[in-house]
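Subject: A structure for you to look through

Hi,

Here is the structure I promised to pass on. Please open it beside this email and have a look around before reading on.

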Amino acid sequence: MGYDNLKLEKGMYRQTGMSFTQVLESLDPSENYRGTALEGTDAFQRQLKRFGIRAKGAGSSPVEKFFSTMDSAVLFPEYIARTVRQGMEENNILPDIVATTTVIDAMDYRSICSNPTDSEKELKSVEEGGEIPTTEVSTKEKLVKLTKRGRMLVASYEALRFQKLDLFGVMLRQIGAHIQNQLVQDAVDVIVEGDGNDNPAVQYCVGNSPISGTLGTLGYDQMVEFWSQFDPFTMNTMLCCNKTMTKILKVPELQNPLTGLNFQGTGKLTTPLGAKLCRCNAVDSGVIIGLDNRYALELVHAGDVMVEYDKLIDRQLERAAITSISGFGKICDGASAILNT
């Protein structure tokens, strides 16, 4: 069955365990288009081509193009979800702080943890017939808290029908950016306060042992001392707000030609400690969050970005919800810490 004669219907959004695009792919596999002009497109993009819908560029189609037929109207919710996801992915720092992502089909999720003692971390020699040391992996006492985050799309079809999709997409990407900012705030809250399993991040303060110096003054010595607290982990990521980042960048050891050249050439900020410096306004002023992003945090998604497809297909755009259900859990307690400067 070719992409140009598929029957599209609302029920394609209701298939358990499959997204709309996955349903389309099962009916119109992309592998069938290898070596053709449509190679590199997915099933949804081929449906846009089928109905002559251009989503981007100066010659983009008006919103009403989706509603030229009942079949093409079915594509509208997926277009919205994809564009919102695109906004979520722009300037997204979660890949820099999340060790793993888990997708579930439920509202309850209990993660696992392993927090060995110092002696249990040692790889001791085992005599013949002796007992092999164990590492205990257990489920956490409390569930990961999942939170629904979203925005309400409030507009009439009459107000949008003649608007170009390129402009409408800007509005949708902004919705995605707002959702993503809130997810980052949730991640920071879990790092700082813990995920409800008595595991808040250890807090250090400049001027209090083991961090030297005077509170309110941040130097290279304090950053090195903070870095050294992560053994056996490695502090490879630092989160801070714009004001604190400015303070860090004024540390003399960071003002060398190679660091400046890297920033000017790539826009990426690094520190002499080898950690990636991420600007995150969800972090309080005067606070630096350090973490080993390989072991610190788990992101849990209950499905993908969800839209009220019935309303959107039937042109009932007034108060159509766009939501994402996610939560965060801590993996290894010692993989994150806080420095109050």
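Below is a short tour of what turned up, going from the whole protein to single residues.

Please keep in mind that this is a predicted model.

**The whole protein**

The protein contains 12 helices and 12 strands. Measuring along the principal axes, its C-alpha atoms fill a box of roughly 70 × 55 × 40 Å. Of its 341 residues, 44% are buried. The accessible surface comes to about 18,100 Å², and carbon and sulfur atoms account for 49% of that. If you take the contacts with a separation of 6 or more, 78% of them link residues 24 or more positions apart.

**The inside**

A bit of background helps here: in soluble globular proteins, nonpolar side chains tend to be buried together. The largest nonpolar core in this model has 88 residues, and the members that touch the most others are F76, I80 and F168. Helix α8, which covers residues 165-193, gives this core its largest share, 11 residues.

Which residues does F76 contact, once its neighbours within four places in sequence are left aside? They are V63, F66, F67, F168, L312 and L317. Try selecting F76 in your viewer and finding these partners around it. There is also a second, separate core of 7 residues, with I104, L146, A302 and I325 among them.

**A patch on the surface**

Some nonpolar residues sit on the outside. L167, V170 and M171 form a nonpolar patch on the surface, and together they have about 240 Å² of accessible area. L167 belongs to helix α8, the helix that also supplies 11 residues to the largest core. With a relative accessibility of 45%, L167 counts as partly exposed, because the partly exposed class lies between 20% and 50%.

**The cysteines**

How many disulfides are there? The count comes to 0. Two cysteines show why. For C241, the closest cysteine sulfur is that of C240, and the distance of 6.4 Å is too far for a bond. For C280, the closest one is in C278, 8.3 Å away, so this pair is too far apart for a bond as well. The cut-off for a disulfide is 2.5 Å between the sulfur atoms. Both of these cysteines are buried: C241 has a relative accessibility of 8%, and C280 has 3%.

**Backbone details in the loops**

Two cis peptide bonds deserve a look. One joins S209 and P210, with omega at about 15°; P210 lies in the loop between β5 (202-205) and α9 (220-227). Another joins D231 and P232, with omega at about 10°, and P232 is in the loop between α9 and β6 (237-240).

Then there are two residues with a positive phi that are not glycines. N91 has a phi near 55° and is placed in the loop between α4 (76-89) and α5 (94-97). D198 has a positive phi of about 55° and lies in the loop between α8 and β5. Are these residues buried or exposed? N91 counts as exposed because its relative accessibility is 80%. D198 is exposed too, with a relative accessible area of 74%.

Enjoy exploring, and write back with any questions.

Best wishes

Technical notes:
Residues numbered from 1 in each chain as written. Heavy atoms only, no water. Core = buried A, V, L, I, M, F, W, Y, C linked by side-chain atoms within 4.5 Å. Buried < 20%, exposed > 50% of the residue type's maximum accessible area, 1.4 Å probe, protein only. Helix = DSSP H or I, 4+ residues; strand = E, 2+ residues; numbered from the N terminus. Contact = heavy atoms within 4.5 Å. Patch = residues over 30% accessible without salt bridge, like charges linked within 9 Å, V, L, I, M, F, W, Y side chains within 5 Å. Areas by Shrake-Rupley, 256 points an atom, 1.4 Å probe, with all protein chains shown as cover. Salt bridge = Lys/Arg side-chain N within 4 Å of Asp/Glu carboxyl O.
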